[in-house]
Amino acid sequence: MNHQTPPPALKSPTRRPTGPAAANTTPAATAGGAPRNAARKGVLSALRPDPHPADGRHPVAWLHITAPGRGAIPVATSTCACGRDRSAVGHRQVLALAEEHTAHRTLCPLRNAQEGRSAA
């Protein structure tokens, strides 16, 4: 007769409390004997105003080139908020895409509209 016993449980069940638990009422220890409310008397606000206020400019086009190391094949993507999305693989194609991306700056309707608004 082949009697198999169930394998032992790998984890023991944890017991859950049946009632509400009391909160820890011990006071927090402070380093160096500082008064408990010292933080309230310190700096009023740690937040500072934005050091770079918005001036209305925002990125429109991105050129991302990846060349992981010596002898590796470079990859590039050119993306614009106007919907232009191009990619290239290889040295010649990446160089051509970089030139095309630069030329797109003068042709992009989003970029030209922004420059026209700032001049008006």
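In which sense do strand 2 and strand 3 pair, and over how many bridges? They pair in the antiparallel sense, over five bridges. Here are my notes for someone opening this structure for the first time.

1. Before anything else, this is a predicted model, where local features need pLDDT of at least 70, side-chain atom pairs count only at pLDDT 80 or more, and totals for chains, interfaces and linings use all residues. Residues are numbered from 1 along each chain as its sequence is written, and side-chain values use heavy atoms, with hydrogens and water left out.

2. On confidence: pLDDT is the predictor's confidence in each residue, from 0 to 100. The protein averages 74, with 52% of its residues at 70 or more. Among the elements, strand 3 (residues 85-89) has the highest mean, 95, and helix 1 (residues 38-41) the lowest, 57. Helices (H or I, at least four residues) and strands (E, at least two) are DSSP runs, numbered from the N terminus.

3. Now the sheet. Three strands form an open sheet in the order 1-2-3, with antiparallel pairing. Strand 1 and strand 3 are the edge strands, each pairing on one side only. From one strand to the next, the twist averages 10°. Two strands count as paired if DSSP finds at least two bridges between them. In general, strands of a sheet pair through backbone hydrogen bonds, either parallel or antiparallel.

4. Strand 1 (residues 61-66) is joined to strand 2 by six bridges. To find them on screen, look for I65 with its bridge partner A76, and L63 with S78. On the strand 3 side, T79 has D85 as its bridge partner. The hairpin of strand 2 and strand 3 has four residues between the strands, and G83 takes a positive phi near 115° there.

5. Strand 2 (residues 75-80) has alternating side chains: A76, S78 and C80 point to one face and are buried, whereas V75, T77 and T79 point to the other and are not. Buried means under 20% relative accessible area, exposed over 50%, and partly exposed in between (1.4 Å probe, protein chains only).

6. Helix 2 (residues 91-107) lies across strand 1, strand 2 and strand 3, at about 15° to strand 2. Axes here are lines fitted to C-alpha atoms, for helices over the stretch in contact, with angles from 0 to 180 degrees between N-to-C directions. Contact means heavy atoms within 4.5 Å.

7. One residue to click on in helix 2 is H101. H101 counts as buried because its relative accessibility is 9%. Leaving aside residues up to four places away in sequence, H101 touches A61, W62, L63, S78, T79 and R84.
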